[in-house]
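Let's take a walk through this structure together, starting at one residue and working outwards. Have your viewer ready.

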Amino acid sequence: MNLNCKVLIVSVIVVLFGSCSDTTNSQDSQSSVSSESVNEGLTLVKNNCYVCHNPNTKSHDDIIAPPLIAVKKRYLMAYPSQDEFVREMTHWITEPKEDLALMRGAVERFKVMPKLAISKEDAQKIAQYIFENEVEAPAWFAEHEKQQHGGDAGQGRGKGMGNGHGHAGQGGGRSNAWMSDIALVDGKKWESDDITMEHIENLKQIIADNKVRDDEAAFKGLAKKMTKELDLLFSDCTMEGPDHDALHKYLVSLINKKDMLAEVDSQEKGRKIVARIQEQLNDYERFFQ
Ligand code: HEC
């Protein structure tokens, strides 16, 4: 049975279970972080998510969706605050949309997560639970993370699993494939010239300055400012050889995101893309020195 079949069957099961659990949806007081609400959160996760995000899989080849711990880590990178994390994850659970997915590599491998039959209240409880509690990791996960994602704890990748969602050899994530394309050899960073560093800092500043407004017009304006800065970066660049090639791959990916930003048709998409651009800019120092 191929993967899509599996996902389809599982989706059907989920819809069935999902609609059952809806009827038992309780409305207890939301504020308490009692062990009761923790238990409720865990039960909801087990009933609604584990069927695909299963922590008891035997290996990375065995899975039909990324483990929940990987999802959590990816979300924490993009949404470090509890408010954002819970809001965005709740939204995703009730309305998964391919073009808003952060885990591009996973979308390519598994197809986008199907829409579940789940109430917004339950989705919110689940997101809250995932943020506040440690989620169970499959036994193979730590080793996989080390292999696929560098295993270079000393390299300032403190946020964990930040890179390589492309999972080289699986078609690569459209958004983060650059990370596996320019993977560090023996943890040694690529050499960057100072002026390029400076332009990267300017780009970060441009994004930061834009925080006050984030409607569609602002996204287009932002893309334009980035284009200018990137043009300067190109004309100033003195790098050569493999370091230059690595920079080139990094920039192609950044420019793709910038081009997507110029064409967004909703605030939501714009915000997601800005978050990804910001992330990639912050990652520069992890790959270049
Ligand atoms: C029918 C299978 C299935 C079920 C059930 C399921 N997921 Fe997913 N989920 C996936 C797949 C496949 C992906 C990876 C592709 C993607 O990101 O859309 C994914 C990805 C995600 C992502 C990352 C989205 C992104 O930005 O890329 C989140 C968050 C998530 N799932 C949360 C949940 C939660 C919470 C539950 C339980 C309420 C759940 N999922 C139930 C299949 C499922």
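Is His53 buried or exposed? This is a predicted model, and in it His53 has a relative accessibility of 13%. That value is under the 20% cut-off, so His53 counts as buried.

His53 is a good place to begin, as it leads straight to the metal. The iron atom of the ligand has two protein donors, the NE2 atom of His53 and the SD atom of Met113, lying 2.0 to 2.1 Å from the iron. Altogether the iron has 6 donor atoms, with angles of 88 to 179° among them, and the site is octahedral. For comparison, ideal angles for six octahedral donors are 90 or 180 degrees.

Where in the chain do the two protein donors sit? His53 belongs to the loop between α2 (35-48) and α3, while Met113 belongs to the loop between α5 and α6, so the pair ties together parts of the chain that are 60 residues apart in sequence. Met113 has a relative accessibility of 23%. This is above the 20% limit for buried residues and below the 50% limit for exposed ones, so Met113 counts as partly exposed.

Now look at the empty space. Over the whole structure, a search finds 4 cavities of 30 Å³ or more. The largest cavity has a volume of about 500 Å³. Its lining is made up of 29 residues, and those closest to the centre are His53, Pro66, Val71, Trp92 and Met113. Both protein donors of the iron, His53 and Met113, are thus met again in this list.

What kinds of residues make up that lining? There are 26 nonpolar residues, 2 polar ones and 1 charged one. Several helices take part: α1 (3-23), α3 (68-78), α4 (82-94), α5 (104-110) and α6 (120-132) each supply at least two lining residues.

Among these helices, α3 deserves a second look. It is mostly covered, with 9 of its 11 residues buried. Val71, one of the residues closest to the centre of the largest cavity, is among the buried residues of α3, as are Leu68, Ile69 and Ala70. The buried set of α3 also includes Lys72 and Arg74.

Finally, step back to the whole chain. It holds 12 helices and 0 strands. Of its 289 residues, 46% are buried. Among contacts with a separation of 6 or more, 74% are between residues 24 or more positions apart.

Notes: Residues numbered from 1 in each chain as written. Predicted model: local features only at pLDDT ≥ 70, side-chain atom pairs only at ≥ 80, totals over all residues. Heavy atoms only, no water. 1 Å grid on protein atoms, 1.4 Å probe; cavity = no way out; pocket = protein on both sides within 12 Å on 5 of 7 lines; lining within 4 Å. Points joined across faces, edges and corners; volume = space filled by probe spheres on them. Helix = DSSP H or I, 4+ residues; strand = E, 2+ residues; numbered from the N terminus. Nonpolar A, V, L, I, M, F, W, Y, C, P; charged D, E, K, R; others polar. Donors = N, O, S within 2.8 Å, 3.2 Å for Na, K, Ca; no water. Tetrahedral: all angles 85-135°; square planar, octahedral: opposite > 155°, others 65-115°. Buried < 20%, exposed > 50% of the residue type's maximum accessible area, 1.4 Å probe, protein only. Contact = heavy atoms within 4.5 Å.
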